[in-house]
Amino acid sequence: MIKELLDDAKRRMAKSVENFKDEIARIRTGRASVALLDGIKVDYYGTQMPLNQMATISVADARLIVIQPWDVSAIGAIEKAIQRSELGLNPVNDGKVIRISVPPLTEERRKELVKMVRKIAEEARIAVRNIRRDVLDDLKELKKEGEISEDDFYRAQDQLQKITDEYIGKIEKILEQKEKDIMTV
């Protein structure tokens with residue numbers, strides 16, 4: 001019973017960490033990355049399609065992303081979708097491929113991005129703590145109903161705290177790396 005609850009907590013906390021990783025991968029660091037374009041949807045014949053399902057996206061060098069649409073007629077729609085995104089990128093197309101030059105970030109913009117990443121990290125930490133709270137409530141309920149002893153409850157509570165600390169530590173490590181990536185020129 002306790003093992004299932006703790007395993008469920010680990011699984012849910014791991015999912016929170018993955019969501020955090022995915023969310024910050026879309027935040028620009030001044031270097032070209034295919035992940036920058038992950039959230040972009042293109043209006044393709046009246047349907048919103050993810051950009052990565054319409055084109056080959058590659059990184060030519062540290063500051064250049066190249067998009068090669070499978071259907072050349074979609075090039076205009078892809079260009080508009082990139083311009084509408086909040087990435088602040090300027091696509092240039094030559095009729096066959098779209099090139100996006102990733103400009104270096106200003107110091108002010110870097111600081112804004114770090115604040116944004118910290119806010120997302122705090123949301124991830126809160127999600128992990130909420131999972132801890134839910135599992136703790138379940139453990140208290142089991143103790144109240146007499147399904148587990150008081151000693152088992154306190155052992156499980158300690159294990160749950162260790163698991164929580166481990167996943168919050170993972171979030172901190174990812175945050176630290178992303179801040180370093182953003183602040184590096």
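**Exercise 1. Work out which residues of helix 1 are buried, and what covers them.**

Solution. Start with the list: Ile2, Leu5, Leu6, Ala9, Met13, Ser16, Val17, Phe20 and Ile24 are the buried residues of helix 1. Here buried means under 20% relative accessible area, exposed is over 50%, and partly exposed is in between, with a 1.4 Å probe and protein chains only. Helices (H or I, at least four residues) and strands (E, at least two) are DSSP runs, numbered from the N terminus.

Before going on, a word on the model: it is predicted, so local features need pLDDT of at least 70 and side-chain atom pairs count only at pLDDT 80 or more, while totals for chains, interfaces and linings use all residues. Residues are numbered from 1 along each chain as its sequence is written, and side-chain values use heavy atoms, with hydrogens and water left out.

Next, look at the cover: helix 3 (107-144) and helix 4 are among the elements that cover those buried residues, where contact means heavy atoms within 4.5 Å.

**Exercise 2. Check the length of helix 1 against the expected span.**

Solution. The recipe is 1.5 Å times one less than the number of residues. For the 24 residues of helix 1 that gives 34 Å. The end C-alpha atoms are 35 Å apart, so the two agree.

**Exercise 3. Find the partner of Asp7 in a salt bridge, and say how the two are placed.**

Solution. A salt bridge needs a side-chain nitrogen of Lys or Arg within 4 Å of a carboxyl oxygen of Asp or Glu. Asp7 meets Lys3 that way, at 2.9 Å from N to O. Both sit in helix 1 (residues 2-25), 4 residues apart, or about one turn of the helix. Asp7 is partly exposed at 35% relative accessibility, and Lys3 is exposed at 57%.

Now widen the view: the whole structure has 15 salt bridges. One of them joins Arg99 and Asp94 at 3.1 Å, N to O, with Arg99 partly exposed at 37%. Another links Asp134 to Arg133, whose closest N and O atoms are 3.5 Å apart. Through shared partners, salt bridges tie Asp8, Arg11, Arg12, Arg133 and Asp134 into one network.

**Exercise 4. Lys178 is buried: find the nearest side chain of opposite charge, and the contacts of Lys178.**

Solution. First place it: Lys178 lies in helix 4 (residues 150-183). Then count charges, with Lys and Arg positive, Asp and Glu negative, and His and the chain ends not counted. Asp181 is the nearest side chain of opposite charge, 5.6 Å away, and Lys178 has no salt bridge. Skipping neighbours within four places in sequence, Lys178 touches Ile24, Ala25, Ile27, Thr29 and Val117.

**Exercise 5. Describe the aromatic pairs, and what sits over the ring of Phe153.**

Solution. Rings of Phe, Tyr and Trp (its six-membered ring) pair if their centres lie within 6.5 Å; planes under 30 degrees apart are stacked, over 60 edge-to-face and the rest tilted. The structure holds 2 such pairs. Tyr44 and Tyr45 are edge-to-face, 4.8 Å centre to centre with 65° between the planes. Phe153 and Tyr154 are edge-to-face too, at 5.1 Å and 75°. Phe153 is buried at 3%, whereas Tyr154 is partly exposed at 39%.

Last step: a charge sits over a ring if NZ of Lys or CZ of Arg is within 6 Å of the ring centre and within 35 degrees of the ring normal. The charged end of Lys143 does this for Phe153, 4.4 Å from the ring centre.
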